[in-house]
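Student: Please take a close look at one part of this model, the way its helices are packed, and then set that part among its surroundings. I would rather have one connected account than a list.

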Number of protein chains: 2
Amino acid sequence: MGAPSTTALRPLQRSRLYEDVGERLAEFVSEARMTVGDQFPPERDLARQLHVSRTSVRQSFVVLQALGFVDVRHGEGVFLRRTRGFGDSLTKLLERRRRLPDVLEAREALEVKLAELAARHRSADDLRAMNAALGQMGAEIAAGGVGTEGDAAFHHAIALAARNEILLHLIEAMAEVIQESRIESLSEPGRPLRSLEAHHRILAAIESGNREGAAEAMRQHLRVVADVSLLRWQPEPADDVDAAD
Amino acid sequence: MGAPSTTALRPLQRSRLYEDVGERLAEFVSEARMTVGDQFPPERDLARQLHVSRTSVRQSFVVLQALGFVDVRHGEGVFLRRTRGFGDSLTKLLERRRRLPDVLEAREALEVKLAELAARHRSADDLRAMNAALGQMGAEIAAGGVGTEGDAAFHHAIALAARNEILLHLIEAMAEVIQESRIESLSEPGRPLRSLEAHHRILAAIESGNREGAAEAMRQHLRVVADVSLLRWQPEPADDVDAAD
DNA sequence: CATTGTCAATGGTTGGACCACTGGACCTGT
DNA sequence: ACAGGTCCAGTGGTCCAACCATTGACAATG
């Protein structure tokens with residue numbers, strides 16, 4: 001461990017072949033000016049031209065199909081299904097820190113709606129879960145913690161109470177990034193208690209079935225959270241050139 | 001075509017092998033009580049037990065990795081990354097018609113926020129695109145059409161103007177299903193013109209930078225659309241038993 | 001002209017071979 | 001004993017060659 005941390009000796013990471021192939025295919029789509037519905041060259045040709053096995057090409061297409069970018073039809077060929085964001089799946093997008101403002105805005109869009117729906121659909125069990133989460137958060141804070149677990153549990157309970165699988169899926173896809181901003185926010189002095197109070201207001205609105213009130217309480221809460229997160233946030237210099245916009 | 005339509009002779013459709021393997025793996029995860037971080041059996045073993053080639057098993061894992069469910073580590077093995085919704089990706093969720101209310105609610109959550117952001121960030125180019133879309137929609141209607149293309153172009157232009165890649169990605173993931181409801185809605189007598197008027201109100205708010213007004217105009221517009229769609233909507237009986245809820 | 005049969009093109013699957021990486025067992029000199 | 005190095009079995013990564021299954025077009029047939 002005594003050696004200086006050099007740039008040259010950083011761990012070299014080899015990407016998987018099918019990932020590289022996927023990138024080339026993305027390049028090809030734009031170079032060849034392909035539009036939705038167009039057909040790709042046969043797998044065998046692509047394999048020959050890229051100097052990889054057909055297996056690797058196929059793995060790429062399997063992934064691209066799973067992500068909804070292409071349409072693989074037995075006996076016909078492979079077809080382009082949508083162009084936008086061919087290279088960046090949601091996961092990849094979320095990995096970039098400099099997207100934090102985007103994430104916070106998206107979170108607000110989803111959670112405000114979730115709170116509104118929760119106020120409409122909440123059951124006795126849902127309310128119990130939310131209460132338990134707040135109890136947990138209080139206990140965490142009393143024990144000297146910042147209450148991240150209780151916080152996460154509360155928001156999750158609301159998402160479940162909203163009874164909307166699509167929204168639940170979307171918010172869960174962003175769970176990891178949201179967790180990061182949550183930790184930042186709750187580490188601010190005085191924040192845990194203030195957040196806990198905001199949560200109680202949200203819960204009260206949901207419990208009484210006040211949809212607009214629940215939505216508004218959630219919006220206020222998230223704006224504060226976002227504000228704190230953004231203060232600590234330093235945008236990274238763009239590591240790639242996405243000139244097109 | 002004179003033969004009676006029998007149940008037995010319906011076209012049999014084979015799913016892809018790696019999809020079946022994926023389902024088995026999902027079953028395995030729950031049967032084996034696997035939790036996050038646990039390791040899967042080696043690919044070779046799985047291939048032998050499932051009576052498929054190792055290639056097919058690998059294709060499954062490649063897809064599962066792309067969807068974020070597993071972690072494939074060269075030289076080590078394959079590990080479970082998250083349990084939630086192993087079986088149902090967003091795509092699969094969206095394929096189910098009986099989720100229409102969920103889709104419409106999710107759409108409202110996203111598009112209302114997009115309108116608000118568009119009112120803040122719109123450039124001259126954005127406004128031109130929106131105007132062009134409304135022109136196209138008007139032309140379609142004048143030509144006897146219902147204006148679906150112009151409608152789609154308008155909403156897309158707003159999504160672009162919002163300058164939020166995450167939200168853009170989310171709304172695009174739902175583009176297909178939204179298009180279906182769009183067609184239904186605009187097929188209603190008198191709807192195309194009424195929609196066009198609503199669009200003009202939204203555009204006016206965005207153009208003047210009135211964030212709250214843009215959000216509210218969009219909300220009103222979508223509530224009408226949702227209302228009409230829901231009237232025609234017939235929930236399908238559950239085709240699967242998801243008892244857990 | 002409609003129907004049927006044939007066939008080339010293309011994706012789907014297989015089994016086996018070999019390479020690359022990881023982690024632990026084992027050896028070795030001190 | 002211990003630190004260090006070596007070796008090796010296990011595991012994922014890639015390739016190849018062959019064959020199966022499906023599709024669409026075209027020729028042969030009536």
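Tutor: Helices here are DSSP runs of at least four residues in state H or I, strands are runs of at least two in state E, and both are numbered from the N terminus. This is a predicted model, and on that footing chain A has 11 helices and two strands. Read from the N terminus, the order of elements in chain A is α-α-α-β-β-α-α-α-α-α-α-α-α. Of the contacts in chain A between residues at least 6 apart in sequence, 71% join residues at least 24 apart, and 37% of the 245 residues of chain A count as buried.

The closest view of helix packing comes from chain B, where helix α6 (residues 124-142) and helix α7 (residues 148-161) pack with their axes 7 Å apart and at an angle of about 170°. Because angles over 145 degrees count as roughly antiparallel, α6(B) is roughly antiparallel to α7(B). On the α6(B) side the contact includes Asp126(B), Ala129(B), Met130(B), Ala133(B), Leu134(B) and Gln136(B), and on the α7(B) side it includes Glu149(B), Gly150(B), Ala153(B), Phe154(B), Ala157(B) and Ile158(B). By class, the residues of this contact between α6(B) and α7(B) are 11 nonpolar, two polar and four charged.

Two residues in the helices of chain A that carry these numbers help to fill in the picture. Leu134(A) lies in helix α6 (residues 124-142) of chain A, and because it has 21 C-beta neighbours inside 10 Å, it counts as buried. Setting aside residues up to four places away in sequence, Leu134(A) touches Gly150(A) and Phe154(A), and also Leu196(A), His199(A), His200(A) and Leu203(A). By contrast with those contacts, Asp227(A), which is 93 residues from Leu134(A) along the chain, has its C-alpha atom 22 Å from that of Leu134(A). Ala153(A), in helix α7 (residues 148-161) of chain A, has 19 other C-beta atoms within 10 Å and is therefore partly exposed, since 20 or more would be needed for a residue to be buried. With the same sequence neighbours left out, Ala153(A) touches Ala133(A) and Gln136(A), whereas Arg48(A), 105 residues away in sequence, is 52 Å from Ala153(A), C-alpha to C-alpha.

These helices can next be set against the nonpolar cores. In soluble globular proteins, nonpolar side chains tend to be buried together. Here the largest nonpolar core has 84 residues, and those with the most contacts inside it are Ala115(A) and Ala115(B). Ala115(B), again without counting residues up to four places away in sequence, touches Ile158(B), Ile202(B), Ile206(B), Ala214(B), Ala215(B) and Met218(B). Apart from that core lies another, of 32 residues, which includes Leu46(B), Phe61(B), Leu67(B) and Phe69(B).

From the cores we can turn to the contact between the chains, which takes 30 residues from chain A and 30 residues from chain B. On the side of chain A that touches chain B, α3, α4 (90-94), α5 (100-121) and α8 (165-173) of chain A each supply at least two residues, and α5(A) gives the most, with nine. That side of chain A divides into 15 nonpolar, seven polar and eight charged residues.

The DNA strands complete the surroundings. Around DNA strand D there are 21 residues, of which Leu17(A), Ser53(A), Ser56(A), Gly75(A) and Pro42(B) come nearest. The elements giving two or more residues to that surface are α1 (17-31) and α3 (54-66) of chain A, together with α2 (43-50), α3 (54-66) and β2 (77-80) of chain B. By class, the surface near DNA strand D has six nonpolar, nine polar and six charged residues. Around DNA strand C there are 20 residues, with Pro42(A), Leu17(B), Thr55(B), Ser56(B) and Gly75(B) coming nearest. At least two residues of the surface near DNA strand C come from each of α2 (43-50) and β2 (77-80) of chain A and α1 (17-31) and α3 of chain B. The surface near DNA strand C divides into six nonpolar, eight polar and six charged residues.

Two loop residues deserve a last look, given that most residues other than glycine have a negative phi. His51(A), in the loop between α2 and α3 of chain A, has a positive phi of about 60° and is exposed, with 7 other C-beta atoms within 10 Å. Arg33(B), in the loop between α1 and α2 of chain B, has a positive phi of about 55° and counts as exposed, with 7 C-beta neighbours inside 10 Å.

How values were computed: Residues are numbered from 1 along each chain as its sequence is written. Chains are lettered from A and ligands numbered from 1 in the order in which they are written. This is a predicted model: local features need pLDDT of at least 70, side-chain atom pairs count only at pLDDT 80 or more; totals for chains, interfaces and linings use all residues. A residue is near a molecule or strand if its C-beta atom, placed from the backbone, lies within 6 Å of it. Ala, Val, Leu, Ile, Met, Phe, Trp, Tyr, Cys and Pro count as nonpolar, Asp, Glu, Lys and Arg as charged, and the others, Gly among them, as polar. Two residues are in contact if their C-beta atoms, placed from the backbone, lie within 7 Å. A nonpolar core is a set of buried Ala, Val, Leu, Ile, Met, Phe, Trp, Tyr and Cys residues joined through C-beta atoms within 7 Å. A residue is buried if 20 or more other C-beta atoms lie within 10 Å of its own, exposed if 12 or fewer, and partly exposed in between; C-beta atoms are placed from the backbone. Axes are lines fitted to C-alpha atoms, for helices over the stretch in contact, and angles run from 0 to 180 degrees between N-to-C directions. Angles under 35 degrees count as roughly parallel, over 145 as roughly antiparallel, 65 to 115 as roughly perpendicular and the rest as oblique.
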